[in-house]
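Thanks for making time this morning. I would like to talk through the pockets and then one residue, so please have the model open in front of you.

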Amino acid sequence: MIKFSRHWLLVAMGASLGVISPAFGGGIEVPMQSASAAGQADAFTAQADDASAIFYNPAGLTQLHGTNISAGAYLLQPEYHFEGVNGSNQRMSLPSFLPHLYVESDLGTDRWRFGLGLNNAYGINEDYGNKGVLNTLVDEAQLSVINIAPTAAYKIDDHLSVGMAFNIYYGDLLLTRNVIVAAPPVPEAHFHYRGDAVAFGVTPSVLWKINDRNSIGAYYRSPFSLDFDGHASLYVPGPALIGPSNAKASLAFPQSVGVGYAYRPIQPLKLEADVIWTDWHAVKQLTFNSSDPHFNGQTLPAHWDSGFTYRLGAEYKLNDDWTLRTGYAYSRDAVPTSTFSPIVPDSNYHLFAVGVGYSAARWGIDVAGNYIYRERHHVSNDVNSPTVDGEWSNEMFGLMTTFTLKL
């Protein structure tokens with residue numbers, strides 16, 4: 001009964017939010033979670049002055065007044081391209097829609113702020129089709145990790161605040177691919193797995209406003225592991241269907257640390273630089289366990305590399321109503337060439353951002369646009385060779401809008 005209830009809670013949340021996830025940041029991270037931050041390439045840790053601080057730096061909530069409700073969505077259009085060494089080519093272009101919601105208030109207290117956030121923290125959204133050259137590695141791959149974050153922040157004095165988000169992660173995983181069961185002309189079989197999981201984490205943070213011009217923010221996001229519980233099946237052309245059988249799949253998610261410094265050379269202008277370290281080395285492999293020997297012990301190797309993301313952002317207030325933003329971010333790839341997979345076709349990325357915001361007395365709206373360019377990645381001598389050998393490249397176009405009510 002517990003399994004049934006948890007599964008339908010996840011399905012209901014996904015359906016109501018339209019949650020679909022891309023492999024966007026380093027590894028499988030989805031960094032952009034509000035338009036005000038996205039317009040500054042997410043250089044927001046030391047600013048964190050709206051309700052999205054629940055995600056970026058919970059301690060920043062103490063800068064807010066009254067009750068604020070922010071909701072919005074991110075539309076992301078990727079363009080993946082694979083040029084195989086044997087002359088094969090494959091493209092994948094599947095748009096993703098990622099909503100976010102933040103609610104926060106002081107609840108009548110002087111120094112405390114409380115909030116609740118809902119967003120998609122990690123994800124994959126791919127559909128290569130079952131006829132291409134990659135179909136024995138992946139047909140569809142969808143991972144959605146929904147983050148529900150009850151949050152509290154406390155203002156110690158006029159300069160120092162601390163905060164904590166309690167993260168409840170709901171994960172939904174879908175993997176399909178073709179399987180060679182015999183030499184041609186026997187057609188390929190079709191593997192299907194779907195499972196869901198729940199996990200918990202914490203995000204403590206601090207914000208130090210040194211003076212009116214300088215501030216420093218930092219957070220720590222704890223690691224967690226999703227132990228997916230679901231069903232696997234293998235359809236063999238003809239009358240044969242193996243399963244569906246109970247199957248579990250475990251996937252670790254990394255801890256991360258972010259530090260940001262914001263400087264205001266003149267009152268309307270804010271400049272910020274952030275450095276984020278993510279422990280992608282925690283992602284070793286995805287392993288299936290099942291009482292059915294057809295599925296037990298299947299492994300997708302990863303052995304990813306930990307690394308840094310660098311973000312630079314600027315915000316300029318034209319007047320009390322209008323704000324302009326821009327930013328740049330860079331991150332090295334988390335996925336090494338030795339375990340490269342079309343499921344996570346990672347490479348070094350450059351992100352360019354622009355944004356604009358309008359704020360009235362009782363409401364506000366922010367819009368941000370992003371262009372993400374991934375450097376070309378040459379793959380050879382990989383665990384998935386020769387299928388993935390060749391040149392991989394992709395670029396993405398993103399548009400985000402966040403609407404805020406001030407009560």
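Before we look at any lining, let me fix the words: Ala, Val, Leu, Ile, Met, Phe, Trp, Tyr, Cys and Pro count as nonpolar, Asp, Glu, Lys and Arg as charged, and the others, with Gly among them, as polar. Please also keep in mind that this is a predicted model.

With those words in hand, the lining of the largest pocket divides into eight nonpolar, 17 polar and 15 charged residues. This pocket holds about 1,000 Å³ of space, and of the 40 residues that line it, Gln47, Asp49, Asp50, Glu315 and Lys317 lie nearest its centre. Several strands supply at least two lining residues each, including strand 1 (68-84), strand 15 (307-317) and strand 19 (390-406).

The second largest pocket has a volume of about 410 Å³, and its lining is made up of 17 nonpolar residues, six polar and one charged. Leu286, Leu300, Pro301, Ser341 and Ile343 are the lining residues nearest its centre, while strand 6 (160-179), strand 13 (285-289) and strand 14 (299-301) each give at least two residues to that lining.

Let me turn now to a single residue, Ser205, which sits in strand 7 (residues 189-209). Is Ser205 buried or exposed? Its relative accessibility is 8%, and because buried means under 20%, Ser205 counts as buried. Its side chain makes a polar contact of 2.7 Å with the side chain of Asn57, and, if we leave aside neighbours within four places in sequence, the residues in contact with Ser205 also include Pro58, Ser161, Gly163 and Tyr219.

Methods:
Residues are numbered from 1 along each chain as its sequence is written. This is a predicted model: local features need pLDDT of at least 70, side-chain atom pairs count only at pLDDT 80 or more; totals for chains, interfaces and linings use all residues. Side-chain values use heavy atoms; hydrogens and water are left out. Helices (H or I, at least four residues) and strands (E, at least two) are DSSP runs, numbered from the N terminus. Buried means under 20% relative accessible area, exposed over 50%, partly exposed in between (1.4 Å probe, protein chains only). A polar contact is a pair of N or O atoms within 3.5 Å; within protein, one must be able to donate a hydrogen and the other to accept it, and residues adjacent in sequence count only if both atoms are side-chain atoms. Contact means heavy atoms within 4.5 Å. On a 1 Å grid over the protein atoms alone, a cavity is a set of points where a 1.4 Å probe fits but cannot get out, and a pocket is an open set with protein on both sides within 12 Å along at least five of seven lines; lining residues have an atom within 4 Å of a point. Grid points are joined across faces, edges and corners, and a volume is the space filled by probe spheres set on the points.
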